[in-house]
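Open the model in your viewer and keep the sequence panel beside it. The stops below each give a selection and then what to look for there.

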Amino acid sequence: MKYIIAQLPGDGIGPEVTSQAVRVMQQIGKLYGHTFEVKTGLIGGVAIDLTGSSLPPETLKLAKTSNAVLLGAVGDPKFDDPKIKERPENGLLSIRKNLKLFANLRPVKVYDELLEGAMLKANVIKGADFVFVRELTSGLYFGKPKKRWETSSGRKAVDSMYYTEQEIERIVRVGFELARLRRKKLTSVDKANVLESSRLWRQVANEVSKNYPDVTLEHLLVDTCAMSLIRTPRDFDVIVTENTFGDILTDEASMLAGSMGMLPSASLAGIPAKGEHIFGLYEPIHGSAPTIAGKDIANPIATILSLSMLLRYSLALEKEASAVEQAVSDVLKAGYRTCDIIDETTGTKQVGTQQMGSLVVKALKG
Ligand code: NAD
């Protein structure tokens, strides 16, 4: 099969980590008989520098005519001045919106090999393996009214947590479909004891659950979820939640895996089910990490695992996706670490970005 993949490296460490994922993709092509035509586009700060826009029209066109998008990261401190209107992050928000990406998937897997250096107790996090499904297009970040105004009694501001039943239904279905492919447990996270939008969320989740009798649905308040992620992370399989709760909880959960450099993500425009080709954008959860850019020390594993998600959800290449995950696991088992995940006390070997990419390429099995 021939596939067109849009590669958007972006800023900082983005180009370094995406180029390693592309090497892994080309090796998968060789081993499994696929052709991946990789077309590169501009996004973020580098796009502003070269075109004046954080998401040039050509990039959007490229993304829309590809089978999937592999993105690095955006962000550059030189755009930090709040007076600057066109910022690198606008490119990311804009591409997600234009491609109608509504479901953000973030798997969190704790590798046994990284337990020694973990920030949390090994006996608590060992074996934790779950997926977050975060709603990406609605809720507090986009709901109206959203404004600031001045009154005689001082300044005021409002944001609105707004959801329609259709928005809730489609994201909850993503959670159920994923749970069906995994351990068949879905945790829906809300704040139904306080928020009206959460009460609707819970009601719709219960209605959707009637179509998935094989999946166990549980409801958890967001504050309880924040605690349980640290206390009993093995209890989770698939977690579905609204935009803001998801934004916060996924960063908390990323700490279980030891480093931002280990965690991939997918933003999908449809509901994944076995064998389906869903258009999506795949990127590591970390940002452009400007302080380590250009030093060949960034961990490319998050981007390589994002590639594995791309193969699984957008190209329906399950064998190939598993081969990438296995290769990453084998390289970690063999004791190779980038500097963000190294623990000197365990006799592991430190490698740079490119060498980590080469090791994964070499470990791939056809
Ligand atoms: P960051 O994720 O870039 O970095 C946080 C910390 O993790 C830093 O210490 C960094 O060195 C480290 N780190 C991140 N990725 C790593 C990797 N692959 N290997 C080793 N270490 C890694 O977050 P930040 O520093 O808050 O933000 C930097 C820039 O990135 C900002 O401009 C921000 O807006 C942007 N950002 C972009 C995205 C995105 O593109 N999706 C996400 C978050 C932040």
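**Stop 1: V351 and its contacts**

Select V351 and leave out residues up to four places away in sequence: V351 then touches Y336, R337, T338, C339, M356 and L359. The model is a predicted one. V351 sits in the loop between β14 (349-350) and α12 (353-363). Is V351 buried or exposed? Its relative accessible area is 7%, so V351 is buried, the limit being under 20%. For a distance check, pick the C-alpha atoms of V351 and Y336: they are 6.5 Å apart in space, with the two positions 15 residues apart in sequence numbering.

**Stop 2: the whole chain**

Zoom out and colour by secondary structure. The chain has 12 helices and 14 strands. Its C-alpha trace spans about 60 × 50 × 45 Å along the principal axes. How does the radius of gyration of the chain stand against that of a compact globule? For 366 residues a compact globule would have a value near 21 Å, and the chain has 20 Å, which agrees.

Switch to a surface view. The chain exposes about 16,200 Å², and carbon and sulfur atoms supply 53% of that area. Of the 366 residues, 53% count as buried. A contact map is useful here too: among contacts between residues at least 6 apart in sequence, 74% join residues at least 24 apart.

**Stop 3: the ligand**

Select the ligand and the residues around it. There are 19 of these residues, and V74, E89, G287, A289 and N299 come nearest. Sorted by class, this shell holds 9 nonpolar, 6 polar and 4 charged residues.

Now show the polar atoms. Three distances can be checked in turn:

- E283: a polar side-chain atom is 3.4 Å from a nitrogen atom of the ligand.
- H286: an N or O atom of the side chain is 3.2 Å from a nitrogen atom of the ligand.
- G287: here a backbone N or O atom lies 2.7 Å from an oxygen atom of the ligand.

How much of the ligand surface does the protein bury? Taken alone, the ligand exposes 800 Å², and the protein buries 66% of that.

**Stop 4: the loop between β12 and α10**

Stay with A289, one of the residues that come nearest to the ligand. A289 is in the loop between β12 (280-284) and α10 (301-313). Its phi is positive, about 35°, although A289 is not a glycine. A289 counts as partly exposed because its relative accessibility is 28%.

Next, select D296, which is found in the loop between β12 and α10. D296 is another residue other than glycine with a positive phi, in this case near 60°. With a relative accessibility of 31%, D296 counts as partly exposed.

**Stop 5: A73**

Select A73 in strand β3 (residues 68-73). Not counting residues up to four places away in sequence, A73 touches P9, G10, D11, G14, H286, G287 and S288. Two of the names in that list, H286 and G287, appeared at the ligand stop: H286 through its side chain and G287 through its backbone. A73 has a relative accessible area of 3%, so it is buried. How far is A73 from I168, C-alpha to C-alpha? The separation is 28 Å, for two residues 95 apart along the chain.

**Stop 6: two buried helix residues**

Select A47 in helix α2 (residues 45-51). A47 is buried, with a relative accessible area of 0%. Leaving aside neighbours within four places in sequence, A47 is in contact with L42, G52, S53, S54 and P56. The C-alpha atoms of A47 and P88 are separated by 8.0 Å, and these residues are 41 apart along the chain.

Then move to S228 in helix α8 (residues 222-231). Its relative accessible area is 8%, so S228 is buried. Beyond its neighbours within four places in sequence, S228 is in contact with L220, P233 and F236.

**Stop 7: a cis peptide bond**

Finish at K144 and P145 and display the backbone. Which form does the peptide bond from K144 to P145 take? The bond is cis, with omega near 5°. P145 belongs to strand β6 (residues 143-151).

Definitions and conventions:
Residues are numbered from 1 along each chain as its sequence is written. This is a predicted model: local features need pLDDT of at least 70, side-chain atom pairs count only at pLDDT 80 or more; totals for chains, interfaces and linings use all residues. Side-chain values use heavy atoms; hydrogens and water are left out. A residue is near a molecule or strand if one of its heavy atoms lies within 4 Å of it. A polar contact is a pair of N or O atoms within 3.5 Å; within protein, one must be able to donate a hydrogen and the other to accept it, and residues adjacent in sequence count only if both atoms are side-chain atoms. Accessible areas come from the Shrake-Rupley method with a 1.4 Å probe; for residues, only the protein chains shown count as cover. Ala, Val, Leu, Ile, Met, Phe, Trp, Tyr, Cys and Pro count as nonpolar, Asp, Glu, Lys and Arg as charged, and the others, Gly among them, as polar. Helices (H or I, at least four residues) and strands (E, at least two) are DSSP runs, numbered from the N terminus. The radius of gyration is taken over C-alpha atoms; the globule rule is 2.2 Å times the number of residues to the power 0.38. Buried means under 20% relative accessible area, exposed over 50%, partly exposed in between (1.4 Å probe, protein chains only). Contact means heavy atoms within 4.5 Å.
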